[in-house]
Amino acid sequence: MRTDTPQTIYRKDYTPPSYLVDTVELGFDLDPARTIVANRLTMRRNPASAQREIELYGEELELVALRLNGKTLGKRDYRIEGNLLRIAHAPEEVTLEIETLCAPEKNTALSGLYVSNGNFITQCEAEGFRRITYFPDRPDVMARYTVMLRADKERFPVLLSNGNLVEEGELGDGRHYAKWEDPFPKPSYLFALVAAKLVCQEEKFQLADGREALLQVWVEEGNLDKTDHAMQSLKRSIRWDEERYGLELDLDRFMIVATGDFNMGAMENKGLNIFNTKYVLANPRVATDVDFQGIEAVVGHEYFHNWTGNRVTCRDWFQLSLKEGLTVFRDQEFSGDMIGTSSGRAVNRIDQVRTLRQVQFPEDAGPMAHPVRPDSFVEINNFYTVTVYEKGAEVVRMYQTLLGREGFRKGMDLYFERHDGQAVECDDFRSAMADANGRNLDQFERWYSQSGTPVVQAEGRYDESARTYTLKLSQSCPPTPGQPDKLPFHIPVAVGLLGASGRDLPLTIDGKELGTTAVLELTESEQNFVFSGVAESPTPSLLRDFSAPVVLKYGYSDAELLHLFSHDSDPVNRWEAGQRLSMERLLKLTEVAAAGGELSLDDTFVEAMRKILTDDTLDPAFREQALLLPSESMIADQMDVVQPLPIHTARQFMRAEIGARLHNELLATYRSQQTPGEYSADAESIGRRALKNLALAYLGATPAEQALALAQEQFSNATNMTDRVAALGALIHANAPAAPDALNRFYDEFEDEALVIDKWFAMQATAATTDVAKVRKLMKHPAFNMRNPNRVRSLISSFCAANPVQFHAADGSGYAFWAEQVIALDALNPQIASRLSRAMDRWRRYTPELQAYMKQALEKVAGQTKLSNDVREVVSKALS
Ligand code: PHE
Ligand code: ZN
């Protein structure tokens, strides 16, 4: 915790490390109250550096001893300033021995070495290693690690670290030891250890080159019945990376450890991935379909990091998207390939588009907007964002769209050929893509350096006599903090043209036949694309498969949108047409609601929904996506002045209208989409459950008694968590008389399942009937724990981020609550506090009355004298 003005760090100030580290030997005497860490490192001066002092970072450490080439250093031989320990006049080659003390049980920030439910866990990304020992803790310093762990055998029977186990044994006095060696040089952020009472599911797995690897999933006793899906996902990930990218597992052993106390989703430590339990534990009784899918994606993500992140890592933290954007793209492709069918893939893609619009576009339009490769930061932990991750993945996807799948693979191959074992920059990835394909991708660099969401405006003109269709595309990008003016991006715009029959017209530009989807490259502020041989006036299907992370504007008529909604061969754009139809209406309804007028919904829209709902040729999963309305925050994002209550009223009205006017069809759908028999998490079953439960939700949005009876019945008879929470959700959101009792039963049945109790809190936190007083009451529940990130997210963050009506209550009580919780959390866990502080990002877009309260709350937090850099950066950017 610092109280002085936080320092801003700039990308342009990068300098190479003064010393390089060859080997690190770490010895741990693990004790929750007082752990001794002995660190012996061999270093040599870096010829590429002008700087001659040794620079080591350390935080919350007690320095016990420091020796250089065997000689103990006294207070005059080194300087400590803040987190930096500097040694001047050191020789070319150095062996440093450093002994420090730390207190894992007092570590509530969950960065460095900490204790979770009695077990030792580490988390070192981004800068947690310096909380374990003094070290040049920066990703461009890569070294070989040997680790000796010593601990009480009864309390910590399992001792794990990166790489291979080379020795283990007894120490007498009830203690034991294990020695691990990691053959691969790695940056310190990939270091990990676990000392714990755990059990594992393990398996030998044959790799493509014939080697066998030992795969393990480690969990607390009692959770062994929930590891199977993670293990299956791991095996599928290994296979997929072999097949799609020719990348093999480079270790004899690959371990996953689950912990209930974790700031993020999971961590790709070399050979020893550490996961939030949320992304490991699953069986049908406790996990939903979404949980199953999340586990597959995150297990894949962390595994894929072994090549994109570990073998090739980042030069500095500004390059974070080099590994994260690329690895998210890889896990998205993996998930798509696992579903297999083209409509399944589209549903997967639609989910990605939704996340972007729901979370990334707002970030890009708010005070924390930053380029995919930021130019500066105060606290790097604040930059593990949807921009670096999800927009970063879109940037990687655009290479594939521009170069084709094969061209992209060539680029990947060249990237590994050039950079295996190195710490590199985003520009190196771009060069590999360009060079492998003989393409100039200079302009593409702007996707890394310019923040903000580009707007692409399209206009079409059909010339009947010339049989040409001219598409005029223009682009602009709104100003963002520090970037008032933008240069044009290199944007791939995938386009199709639909004829009156709904079929795709063949596309020809400059005599070149382009099939039925053409990828147009928009590189200037304005360009015309002329399609020839166009037999009829077409309806354009623009930005197919969401080919670029932009806002696409085109003056569609209702008739054109209905045409696309019924016929577009590109499922993502078919869905998109439906979203446009809904959004237009939701915005109008919101206006009417704000003015206190009478709400109504047109037949045309209801009929379009009816058609999709009852079209049995369409996958249930796709129908569910197409029938789902834009969320309240997506609606808010379209408004100049946000009024949360009218938005809620409008959306609820629309839901109730659909529920009532499609009552029979929804009921029939509900009945026809049952998935009897044993639970299976395949895409087809998941889609059926999703559609069925959406039907239930729409029915539940009407006052009809019948729907609530169905929900109650489903709640009682459910054989899986997906159906159970869907039914409970329907009861809660309808404020049904049966809801409180159902909630109690749910709690009693799952009291011992922490992840299910998280759902129990989250469902209540997001109910429109839950006000601040109710949240405060829930915080007093014995199962609530301010130190556990999952619990905090499920109650406090869910309320602030996903209960807009109550969070934005007219009396400002939601904001006052927010300030109080940010301050309280900051004293325990700055990263979690900082995430919560982002709930206020877009405060300037609300009504003046709400703004005044929000400003007051922000100022209250900013006025704290003791505040972490994490929260300080977010609130000061919000207020500036
Ligand atoms: N690198 C992790 C991932 O994306 C995320 C993470 C960051 C986890 C920082 C912990 C701390 O896979
Ligand atoms: Zn990652």
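Begin by selecting helix H11, residues 620–627, in this predicted model: the helix is mostly covered, with 8 of its 8 residues buried. Show the side chains next, and you will find that the buried residues are Pro 620, Ala 621, Phe 622, Arg 623, Glu 624, Gln 625, Ala 626 and Leu 627. To see what lies over them, add helix H4 (342–364), helix H9 (571–594), helix H10 (603–614) and helix H15 (683–700), which are included in what covers the buried residues of H11.

Now move to ligand 1 and select the residues around it, which are Gln 123, Glu 125, Ala 126, Met 264, Ala 266, Met 267, Glu 268, His 301, Glu 302, Glu 324 and Tyr 384. Colouring by element of secondary structure will pick out strand S20 (266–267) and helix H2 (289–304), the elements that give two or more residues to this shell. If you colour the shell around ligand 1 by residue class instead, its residues divide into 5 nonpolar, 2 polar and 4 charged.

Finally, zoom out to the whole protein, whose secondary structure comes to 26 helices and 33 strands. The radius of gyration is 28 Å, close to the 29 Å that the globule rule gives for 880 residues, so the protein is as compact as a globular protein of that length. Turned along its principal axes, the C-alpha trace spans about 85 × 65 × 60 Å. Of the 880 residues, 51% count as buried, and among contacts between residues at least 6 apart in sequence, 70% join residues at least 24 apart.

Terms used: Residues are numbered from 1 along each chain as its sequence is written. Chains are lettered from A and ligands numbered from 1 in the order in which they are written. This is a predicted model: local features need pLDDT of at least 70, side-chain atom pairs count only at pLDDT 80 or more; totals for chains, interfaces and linings use all residues. A residue is buried if 20 or more other C-beta atoms lie within 10 Å of its own, exposed if 12 or fewer, and partly exposed in between; C-beta atoms are placed from the backbone. Helices (H or I, at least four residues) and strands (E, at least two) are DSSP runs, numbered from the N terminus. Two residues are in contact if their C-beta atoms, placed from the backbone, lie within 7 Å. A residue is near a molecule or strand if its C-beta atom, placed from the backbone, lies within 6 Å of it. Ala, Val, Leu, Ile, Met, Phe, Trp, Tyr, Cys and Pro count as nonpolar, Asp, Glu, Lys and Arg as charged, and the others, Gly among them, as polar. The radius of gyration is taken over C-alpha atoms; the globule rule is 2.2 Å times the number of residues to the power 0.38.
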